[in-house]
Amino acid sequence: MTASSASAGPPAAGSRAPRVPDFFIVGHEKCGTTALYTMLRRHPQVYMSDFKEPRFFSPEVRVRVHKPGGEARPQTLEAYLALFAGAAPEQRVGEASPQYIRSPTAAARIAEVQPDARIIAILREPASFLRSFHLQCVQAGRESQKDLRKALALEPLRREGKKIPREFTSPAWVLYSEHVRYVEQLRRFHAQFPAERVLVLIYEDYLRDNEATLRSVLRFLEVDDTTPIEPIQTYQTNVAVRFTPMHPLSRKLRLARHRPELAGPVARTVTSLAPKSLRVLWRRVAYTAPVPPDERLMLELRQRFKPEVQALSDYLERDLVSLWGYDGI
């Protein structure tokens, strides 16, 4: 894939030439990327793909598709560029795939197609990030081990291709410790793009002042930062799976409700016939509130990742050790 391949030949009469995104929200997950994506979509000078996570530049973390109803992500450059066909010439075009930040190849792949890209990364205190991300993986059916400590203990086997949830062709999703190599991740993007084109946000700043963070992003994208946009608060709503065998069915029904074109006929029929009260009851039966965090494990993780936080503080020239409460560890 080369920069020249981004052009798929002359456009048909009356159609617009393919647009390569101008900017990429590269992650992390559970750090407010969805809220940022949604707010940017509301700006008249910005065009975001309807498909929030195309993941085109990180094929190593795409979920394996076993059968119809699985993920339908673009597999070719032509299909990927089609996601942005509705963009007006004067709009900034972007997409949000939070898996890019942990991909070893995404930065180089993006630079090959769009060397002038702007990159937005969001980083979060490592222990809380890993707990939230693990809960999401369990909820989404990507993780079969519901206990975070036990999931972390499986990493040596998973690096050897063992004990990997059957959805995956690689262990990349569930090697949790690899996700918080923040400095290494940022260096991959800084190696491809000048510093002024890489915006690093801190999740805790985002929580404290959502609107100010949004305005800084708009200025970074060089669009009107005075346009009124209703802020979307970045809070986490993880739930825990109560009965693991029920979860695959729940996922099929949720897919049928939100993306019926990808769901099977039975799931679509059930979803269309089920009243809202029954869906609410099903959710209460299948899911529950997550257990409180294991404070001993959280402390162990903070002790483990303190060197990474110190290195990140030096790299960004900002005291994240104090901000994230690592100074007393």
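Here are some worked exercises on the predicted model shown above.

A few ground rules before we start: local features need pLDDT of at least 70, side-chain atom pairs count only at pLDDT 80 or more, and totals for chains, interfaces and linings use all residues. Residues are numbered from 1 along each chain as its sequence is written, and side-chain values use heavy atoms, with hydrogens and water left out.

**Exercise 1. Which residues of helix α1 are buried, and what covers them?**

Step 1: Get the terms straight. Helices (H or I, at least four residues) and strands (E, at least two) are DSSP runs, numbered from the N terminus. Buried means under 20% relative accessible area, exposed means over 50%, and partly exposed is in between (1.4 Å probe, protein chains only).

Step 2: Go through α1, residues 33-41. The buried ones are T33, A35, L36, Y37, M39 and L40.

Step 3: Look for the cover, using contact in the sense of heavy atoms within 4.5 Å. The cover includes the strands β1 (23-27), β2 (46-48), β3 (92-96) and β4 (118-123). Helices α8 (203-208) and α9 (210-220) are also among the covering elements.

**Exercise 2. How does β3 pair with β1 and with β2?**

Step 1: Strands pair here if DSSP finds at least two bridges between them.

Step 2: Take β1 and β3. They run parallel and are joined by 3 bridges. On this side, F24 stands opposite E95 of β3.

Step 3: Now β2 and β3. This pairing is also in the parallel sense, again over 3 bridges, and M48 sits opposite G94 of β3.

Step 4: Check how covered the strand is. In β3, 4 of the 5 residues are buried.

Step 5: Step back along the chain to A88, in the loop between α2 (77-82) and β3. A88 is buried, with a relative accessible area of 12%. Its C-alpha atom is 8.8 Å from that of Q45, although the two are 43 residues apart along the chain.

**Exercise 3. How many salt bridges does the structure hold, and which parts of the chain does the R102 to E29 pair link?**

Step 1: Side chains of opposite charge can pair when their charged atoms come close. The cut-off used is a side-chain nitrogen of Lys or Arg within 4 Å of a carboxyl oxygen of Asp or Glu. The total comes to 21 salt bridges.

Step 2: R102 and E29 meet at 2.6 Å, N to O. The pair ties together distant parts of the chain, 73 residues apart: R102 is in the loop between β3 and α3 (106-113), and E29 is in the loop between β1 and α1. R102 counts as buried at 11% relative accessibility, and E29 counts as buried at 4%.

Step 3: Now try D294 and R149, which meet at 3.8 Å, N to O. Here the partners are 145 residues apart, with D294 in the loop between β7 (287-288) and α13 (295-316), and R149 in helix α5 (residues 148-153). D294 is partly exposed at 39%, and R149 is partly exposed at 33%.

Step 4: Finish with K162 and E160, whose side chains meet at 3.3 Å, N to O. K162 is partly exposed at 43%, while E160 is exposed at 55%.

Step 5: Follow the shared partners. Salt bridges join R149, D294, R296 and E300 into one network.

**Exercise 4. At what angle do helices α7 and α13 cross, and which residues make the contact?**

Step 1: Two packed helices are described by the angle between their axes and the distance between the axes. The axes are lines fitted to C-alpha atoms, for helices over the stretch in contact, and angles run from 0 to 180 degrees between N-to-C directions.

Step 2: The axes of α7 (residues 182-190) and α13 come within 8 Å and cross at roughly 35 degrees.

Step 3: From α7, the contact uses Y182, V183, L186, R187 and H190, and from α13 it uses E308, A311, L312, Y315 and L316.

Step 4: Sort them by class. Ala, Val, Leu, Ile, Met, Phe, Trp, Tyr, Cys and Pro count as nonpolar, Asp, Glu, Lys and Arg as charged, and the others, Gly among them, as polar. That gives 7 nonpolar, 1 polar and 2 charged residues.

Step 5: One more residue of α7 is worth a look: R188. R188 counts as buried at 18% relative accessibility. Leaving out residues up to four places away in sequence, R188 touches I101, R102, S103, P104 and A107.
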